[in-house]
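User: Please take a close look at one pair of helices and describe how the two lie against each other. Then set the pair in its wider surroundings.

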Amino acid sequence: MRTLTDLTTPASASSDTADTPRHAPAAKGFSGSAARHESAVKHVTGRAAYIDDLALPADALHLAVGLSPVASGRITGLDLSAVRSAPGVVDVISVADVPGHTDIGPVFPGDPIMADGEVLYAGQVIFCVAATSHRAARQAVKKARLEIDEVEASLDPVAAAEAGDVVRPTHRQQSGDWEAALAGATHVIEDEQFVGGQEHFYLEGQACVVHPTEDEGVMVHTSNQHPSETQKLIAEVLGIPFHAVTVEVRRMGGGFGGKETQASPWACLAALIARRTGKSCRVRLPRAEDMKVTGKRHPFHNRYRLGVDEQGVIQGGDITVIGDCGYSPDLSEAIVDRAMFHADNAYSLGQARVTGHRARTSTASNTAFRGFGGPQGMMVIEAAMEDIARRVGEDPLTVRKRNLYRQGRDQTHYGQTVDQITLLHDLIERLETSSDYWSRRQAITEFNADSPVIRRGLALTPVKFGISFTAQHLNQAGALLHVYTDGSVMINHGGIEMGQGLHTKVCQVVARELGLDLEAVRISASRTDKVPNTSPTAASSGADLNGQAARDAASKLKSRLFDFAAERYQLDRQDMRLEQGELIAGIGGSERRIAWGELIQDAYLGRVSLSEKGFYATPLIHYDRASGSGRPFYYFAYGAAVAEVALDTLTGEYQVDRVDILHDVGDSLNPAIDVGQVEGGFIQGMGWLTSEELKWNERGQLTSFGPATYKIPAYGDLPATFNVELMQGHPNSMASIYRSKAVGEPPFMLGMSVWCALRDALASLTDYRQAVRLDTPATPERVMAAARLARKLHESRAGGTP
Amino acid sequence: MIEFFLNGRPRRVDAEAHLSVLDLLRERLNQTGTKEGCASGDCGACTVAIGEPDADGNLRYHSANACIMPAHQLNGRHLVTVEGLSRGDELHPCQAAMVEHHGSQCGFCTPGIVMSLFTLHEDDRARPAPLTPERLEAALGGNLCRCTGYRPIRDAALAMGDTPGFRPEWLDDDALARTLATNVGEPATHSGFYQPRRLDELVELRARHPDARLVAGGTDLWLEVTQNLADFTEVIDVTRVEQLKVLEAGHDASGRPGMWVGAAVTYTQLEPLFAERYPAFHHLLHRLGSGQVRNRGTLGGNVANASPIGDTPPVLLALDARLRLTGPGGSRELAAADFFIDYKKTALAPDECLEAIFLPTLAADRQLKVWKLSKRREDDISAVLGAFSWTLNDGALAEVRLAFGGMAAIPARATGAEAALEGHAPSPERFAAAIDALTEDFQPMSDVRGSSDYRRHAAAALIERLRLVVADAASQDSQHPTQEVMLHAYAH
């Protein structure tokens with residue numbers, strides 16, 4: 001059997017099928033099986049506890065925040081006397097009451113815990129109230145008298161970028177001579193696009209509970225993707241050592257990136273008041289406040305100029321992406337980087353230059369959201385593929401296939417060699433066949449020729465998504481494994497369960513390593529005092545990193561048990577294994593089996609430690625910002641989707657009739673969970689590009705601040721036909737956990753197929769001769785306007801060329 | 001005092017007038033299985049089942065959003081929450097199917113989804129019928145899930161009928177149904193929440209408490225409590241007034257035959273009638289709010305609320321519906337078109353109540369079309385809604401009604417566009433003239449749901465669609481195949 005150390009070296013190119021350790025005879029719930037979510041029964045019975053469900057002491061306080069209605073200006077008056085004297089109010093704080101750091105910027109400075117003189121966006125926290133009930137606190141907030149000298153808000157990211165008003169420096173990647181490539185091209189494709197942002201709409205809003213502890217510390221329960229960062233920020237705000245702060249996360253009611261950095265402010269405020277009052281404090285943001293206060297997926301303004309040959313193959317060009325970062329850096333440096341890293345999607349850009357700007361605007365600080373800029377970057381090249389197809393008069397799928405990374409064209413614009421190219425091509429061809437793309441294409445073309453109002457559209461779009469944090473140091477994880485004397489196993493690790501099934505997968509890994517039924521392995525809340533200095537659960541990395549760390553712990557413990565067993569029972573150390581609840585080993589020529597419970601009892605009595613910690617750091621990755629090149633990703637995850645839509649060209653209404661997906665997860669750790677991620681990611685991506693529209697008024701106030709006006713996909717948006725499969729037979733070529741692949745983010749971008757299918761339907765109005773720009777989200781309003789534009793384009797062309 | 005049953009057990013609680021069912025559960029009774037996702041009735045995380053005896057004395061359960069349901073409306077009802085469906089790890093079939101099909105990820109929306117599935121399950125036991133996509137959408141359209149993409153939830157819904165599971169004993173407890181049918185609970189008064197049983201009581205209460213808010217479904221009003229933190233001290237609940245619950249054939253003052261719909265009749269109760277008499281209106285109901293909203297919300301509430309983007313008022317305008325308003329001086333009848341005066345301002349006098357809505361019977365040759373445009377097909381508020389009615393008399397359009405929502409401060413008819421069509425053959429030229437006239441009829445505003453430009457073009461597009469539909473109807477006997485002029489999902 002290969003050991004963990006063996007697996008850290010990349011498998012050889014021919015290893016797609018050969019070297020993966022096959023599953024041992026299956027114990028129940030084994031890694032690779034479709035075990036149900038560890039909390040499934042608790043979910044359906046209402047017994048799974050979220051932050052607002054936690055019981056509090058009777059004298060606990062409830063917090064509410066006072067927000068700026070103004071996007072930009074200076075606070076000239078703040079009278080909180082009526083707030084203090086409101087019924088039930090116990091404490092009111094503003095920035096002057098903070099003993100330690102007042103800047104809680106997660107990576108770079110720029111995020112005041114409460115407004116400090118200057119107001120930076122509408123929705124910024126100015127003060128915080130603690131009262132004996134949630135409602136009393138909220139009602140008290142309304143009594144504040146606030147005077148702000150309002151100045152004009154910066155709401156145009158393009159103008160900001162042009163003026164150099166950026167939250168982080170502009171970054172550039174370049175491969176070869178892009179100007180020469182453009183000059184020598186047969187066709188030049190040029191356009192710009194607006195890609196809208198997205199509200200996370202986690203069903204559980206931002207929430208936390210903070211209890212004051214002995215000495216000067218706090219115990220924090222929070223719905224949070226990054227407890228270690230929250231621990232750090234609370235310690236800094238209070239001016240106490242990190243070890244005085246313990247942060248625990250049992251589960252989140254959804255995160256999607258929205259609780260990576262933006263869960264911390266509430267915990268810091270609650271910790272401040274818990275320390276001031278000596279009472280437990282709870283914060284839960286009402287939905288409207290949550291949506292106004294917290295950052296979203298970055299809206300992007302993209303421009304592209306690409307030179308292609310007569311076949312439509314990209315020779316090179318120039319791409320600029322402008323991320324609308326809001327008022328502060330937050331994670332925008334890495335988010336715009338990831339947009340740049342994914343401006344190629346699955347296609348070679350040839351000799352290209354990619355530039356990324358981080359524009360500052362007077363809105364909430366935009367933040368991580370599933371895909372982390374990658375989706376916004378990919379929209380450039382998927383728009384271009386449709387544009388190229390219309391220009392050269394070919395089907396968009398033909399153009400896409402011609403442009404895919406292939407042998408000889410396998411270097412990205414940032415210098416990483418694209419691995420598993422065969423998988424990419426194989427996957428697309430399989431989907432092309434299974435979705436019956438070409439005969440449907442023919443049927444749709446025929447239908448459209450005879451249908452003046454309703455037009456159908458079809459598109460196949462691939463996804464290639466880079467896996468690893470692009471901040472190298474975050475690619476590490478720890479785990480803590482305990483075996484108790486009854487043989488039951490407890491695993492903790494640095495990752496957070498937010499619904500993605502991470503805890504289930506990690507338990508499966510441990511069960512597999514120790515040859516136990518899944519029921520024998522339990523996971524409890526993630527806590528900073530069990531596994532310290534953790535990375536956020538983000539970047540799809542949860543199972544990759546924490547699964548490996550848990551495996552490391554389990555395999556070390558196993559090794560120790562084997563040493564003990566070899567001596568204690570006089571067994572052959574070689575070929576010793578744990579299977580189905582037993583230790584199995586040779587003894588002379590025969591075999592001996594020792595029950596797990598007995599082994600553990602004996603090991604305990606033999607004074608062998610039954611606790612182990614594990615650690616993992618992703619090998620091989622590096623990136624050099626100065627040259628804009630390196631290998632930022634350990635590997636790529638692939639997928640593709642085919643979407644068919646029908647759209648009403650009069651009203652802009654449309655429906656998604658059928659979707660076929662084939663997605664690569666390497667060797668799946670849990671097919672049921674992985675399919676759930678693929679389907680959920682697709683629908684969320686579709687929502688981003690279709691119905692989910694963020695709107696601000698001219699004063700910079702968010703006007704789509706609730707589910708009445710911000711429309712995420714509902715049940716009826718599930719396509720009537722929805723065929724989803726995981727790609728079989730292609731284990732990860734890198735030594736990831738059991739050769740699986742990350743699955744959290746990549747499927748999100750499969751939703752681009754719906755947007756491309758809409759553009760395809762719109763192109764039919766020009767007899768497929770012209771591409772029709774369609775900004776996102778493609779609401780009926782935008783689709784209707786695009787259809788009107790398409791008809792005009794076609795008429796003017798028909799008029800000009802008889 | 002609110003007297004009700006919670007998961008089969010009697011409960012008595014005292015509560016202020018503005019308390020919601022959700023806050024009652026979570027903050028007073030420590031039942032935290034029911035979640036708050038939005039506190040505005042838009043996400044369904046707080047879905048509970050409300051059991052009410054039907055005409056035959058059987059308990060029937062409907063789903064409701066606990067966040068915007070007044071707690072006092074529980075009086076004499078059986079409240080079922082996610083905690084009540086299982087015993088230990090013995091799960092109700094809807095829960096078992098959700099586990100089996102991996103229907104939960106983060107789990108926060110799951111209790112609400114389970115409750116919507118539970119009401120569907122029990123409804124299907126009482127009245128078995130195929131679980132069509134439309135029926136599933138009606139049952140689940142009000143439950144947002146951000147994780148799964150709904151496919152496993154669909155699978156669970158389809159499988160739960162054949163999934164074995166635990167059946168709570170109260171589901172088959174006839175005594176519970178009898179208790180609720182006979183003992184409807186004491187009217188709650190000292191809290192400031194009034195539940196009159198008769199129309200004269202309602203009128204008297206209204207006169208005595210001029211500042212009291214009238215509530216029916218609460219699906220809009222209660223947002224003032226949850227979003228604006230209003231502490232209503234006096235509330236009059238119209239949902240127990242017998243005369244407001246009627247649904248009967250009759251005539252209006254001018255002798256036209258039709259149906260009188262009591263102002264407190266819910267959308268769900270209207271469905272069978274609309275399916276039979278006004279298919280286009282029935283179709284609209286499927287896109288009006290969600291199941292949870294339709295189970296509580298009323299036609300009367302939608303009218304009295306007088307929102308410019310309410311879904312039903314334009315339909316009432318197109319139908320030439322009439323309203324009966326009742327006050328201390330008796331009842332009066334007026335045209336729906338005369339009810340809406342200005343933004344959220346109506347002809348209702350301070351001491352009057354909306355008693356009933358009269359929907360005239362559609363003549364055999366009269367057409368009604370209702371088209372709603374919104375960002376999301378389900379559970380969304382209109383950007384523009386068009387309700388059109390007409391008769392084709394000897395090739396000429398007659399009694400043309402083109403009513404719109406979302407185009408002005410009130411739901412309104414496009415009188416100029418109507419005039420362009422009235423008495424004319426449905427020619428492309430006349431429809432073009434009608435579209436031109438729209439620019440005089442309306443100067444719509446820009447807001448979060450759509451720009452002024454979009455609304456103008458959308459209204460024109462609906463008139464253009466009307467032209468295609470009329471032309472299509474006229475050419476049905478020709479040899480040409482009928483063109484698709486709208487998507488099935490939006491049809492009628």
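Analyst: Angles under 35 degrees count as roughly parallel, those over 145 as roughly antiparallel, those from 65 to 115 as roughly perpendicular, and the rest as oblique. The model is predicted, with local features requiring pLDDT of at least 70 and side-chain atom pairs pLDDT 80 or more, while totals for chains, interfaces and linings use all residues. Residues are numbered from 1 along each chain as its sequence is written, and chains are lettered from A and ligands numbered from 1 in the order in which they are written.

The pair consists of α15(B), residues 428–441, and α16(B), residues 452–474, whose axes come within 10 Å and cross at roughly 160 degrees. Helices here are DSSP runs of H or I with at least four residues, and strands are runs of E with at least two, numbered from the N terminus. Axes are lines fitted to C-alpha atoms, for helices over the stretch in contact, and angles run from 0 to 180 degrees between N-to-C directions. α15(B) and α16(B) are therefore roughly antiparallel to each other.

On the side of α15(B), the contact is made by B:Pro428, B:Phe431, B:Ala434, B:Ile435, B:Leu438 and B:Thr439. α16(B) contributes B:Arg456, B:Ala459, B:Ala460, B:Ile463, B:Glu464 and B:Arg467. Two residues are in contact if their C-beta atoms, placed from the backbone, lie within 7 Å. By class, this contact has eight nonpolar, one polar and three charged residues. Nonpolar covers Ala, Val, Leu, Ile, Met, Phe, Trp, Tyr, Cys and Pro, charged covers Asp, Glu, Lys and Arg, and polar covers the others, Gly among them.

α16(B) also takes part in the contact between the chains, in which 70 residues of chain B meet 66 residues of chain A. On the chain B side, two or more residues each come from α2 (93–100), α3 (110–126), α4 (133–140), α5 (151–159) and α16. The most, seven residues, is given by α16(B). The chain B side as a whole divides into 32 nonpolar, 21 polar and 17 charged residues.

The partner, chain A, is divided by an automatic or database assignment into domain 1 (4–30 + 476–617), domain 2 (51–152 + 206–284) and domain 3 (300–470 + 625–800). The C-alpha centres of domain 1 and domain 3 of chain A lie 39 Å apart, and each of these domains gives 26 residues to their contact.
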